[in-house]
Amino acid sequence: MINDNEHTGQSRPERLHNKRMGRELAMQYLFQCSLTGEKFSAASWNAFIEQAGEEHHIGTNRYGRKCREYAEKLLEACINDKDRIEETIKGSVKNWSLERISNVDYAILTVAIAEMLNFTDVPPVVSIDEAVSITRDYSDDRACDFINGILNAVKSTLNRPEREGVKA
């Protein structure tokens with residue numbers, strides 16, 4: 001959606017919430033790594049974030065810093081919890097091999113599950129809603145139901161309220 005700036009007569013893109021943009025950045029970086037076979041490194045992340053910052057009009061202001069910080073926290077959780085996340089996905093899909101999950105859907109699942117397992121201040125239903133919304137933007141309609149089903153299965157294994165964040 002485009003908002004008109006009354007003072008300059010110019011248009012600017014509507015901003016996503018910084019956590020939403022952080023989720024997208026983390027997912028996009030994981031997707032890129034899955035395509036290139038590259039492992040996480042500070043150099044590749046910095047190159048990615050520079051390009052993504054221009055593409056998404058993030059900038060270096062407070063908003064841009066918040067987006068990047070949240071993406072980096074998510075990536076850290078994805079990397080540190082990689083095996084647990086993979087086992088969680090395996091345990092949540094029935095009669096489906098991980099190889100059949102598209103790279104983009106796998107990246108979306110990874111970010112959402114990392115958030116659900118590690119960010120107790122974020123209600124699980126928020127992680128699910130955000131992941132489904134990101135899936136709508138980056139995958140296809142059939143994938144939305146798939147992602148939603150897996151993440152709801154994960155949610156049912158969590159030992160915390162599904163609609164409330166838990167203060168650390």
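Here is a walk through the structure above, from the confidence of the model to its empty spaces and some of the residues around them.

Keep in mind that you are looking at a predicted model. Across the protein chain the pLDDT averages 86, and 88% of the residues score at least 70. That confidence is not spread evenly over the elements. Helix α5, residues 103–118, has the highest mean pLDDT, at 97, while strand β1, residues 2–4, has the lowest, at 37. Look at the start of the chain and you'll find that pLDDT stays under 50 over residues 1–13. The model still has 14 contacts beyond four places in sequence for that stretch.

Now let's look for empty space. Rolling a probe the size of a water molecule over the atoms shows where such space is left. How many cavities of 30 Å³ or more does the structure hold? There is one, and the space in the largest cavity comes to about 50 Å³. Its lining is made up of Arg-23, Met-27, Ile-108, Val-111, Ala-112, Glu-115, Ser-127, Glu-130, Ala-131 and Ile-134. To find this spot in the 3D view, go to helices α1 (18–36), α5 and α6 (124–138), the elements that each give two or more residues to the lining. Sorted by character, the lining of the largest cavity has six nonpolar residues, three charged and one polar.

Pick out Met-27 from that lining. Met-27 sits in helix α1. Is Met-27 buried or exposed? Met-27 counts as buried because its relative accessibility is 2%, and the cut-off for buried is under 20%. Setting aside neighbours within four places in sequence, Met-27 is in contact with Val-104, Ala-107, Ile-108, Val-111, Ile-134 and Tyr-138. Take Val-104 as one of these contacts. Met-27 and Val-104 are 77 residues apart along the chain, yet their C-alpha atoms are separated by 7.7 Å.

Next comes the largest pocket, which holds about 600 Å³ of space. There are 21 residues lining this pocket, and the closest to its centre are Leu-30, Cys-33, Ser-34, Lys-82 and Tyr-106. Which elements give two or more residues to the lining of the largest pocket? They are α1, α3 (62–80), α4 (82–92) and α5. Helix α1 provides the largest share, five residues. By character, the lining of the largest pocket divides into twelve nonpolar residues, five polar and four charged.

Let's turn to three more residues, starting with Cys-78 in helix α3. Cys-78 is buried, because its relative accessible area is 4%. Not counting residues up to four places away in sequence, Cys-78 touches Leu-30, Ile-85, Thr-110, Val-111 and Ala-114. You can also compare Cys-78 with Ala-112: the two are 34 residues apart in sequence, and 9.3 Å apart in space, C-alpha to C-alpha.

Follow the contact from Cys-78 to Thr-110 and you land in helix α5. Thr-110 has a relative accessible area of 10%, so this residue is buried. Its contacts, leaving aside neighbours within four places in sequence, are Leu-30, Cys-78, Ile-85 and Ile-89.

Asp-81 is in the loop between α3 and α4. Is Asp-81 buried or exposed? Its relative accessible area is 13%, so Asp-81 is buried. Beyond its neighbours within four places in sequence, Asp-81 is in contact with Leu-117 and Asn-118.

Finally, have a look at the aromatic rings. A pair of such rings is described by the distance of the centres and the angle of the planes. The structure has five aromatic pairs. One of them joins Tyr-29 and Trp-45, with 5.3 Å centre to centre and 90° between the planes. That pair is edge-to-face, because the planes are over 60 degrees apart. Tyr-29 belongs to helix α1 and Trp-45 to helix α2 (residues 42–55), so this pair, 16 residues apart, links distant parts of the chain. Tyr-29 is buried, with a relative accessible area of 1%, and Trp-45 is buried at 2%. They also belong to a bigger group: Tyr-29, Phe-40, Trp-45 and Phe-48 form one aromatic cluster.

How values were computed:
Residues numbered from 1 in each chain as written. Predicted model: local features only at pLDDT ≥ 70, side-chain atom pairs only at ≥ 80, totals over all residues. Heavy atoms only, no water. pLDDT = per-residue confidence, 0-100. Helix = DSSP H or I, 4+ residues; strand = E, 2+ residues; numbered from the N terminus. Contact = heavy atoms within 4.5 Å. 1 Å grid on protein atoms, 1.4 Å probe; cavity = no way out; pocket = protein on both sides within 12 Å on 5 of 7 lines; lining within 4 Å. Points joined across faces, edges and corners; volume = space filled by probe spheres on them. Nonpolar A, V, L, I, M, F, W, Y, C, P; charged D, E, K, R; others polar. Phe/Tyr/Trp six-rings, centres within 6.5 Å; stacked < 30°, edge-to-face > 60°. Buried < 20%, exposed > 50% of the residue type's maximum accessible area, 1.4 Å probe, protein only.
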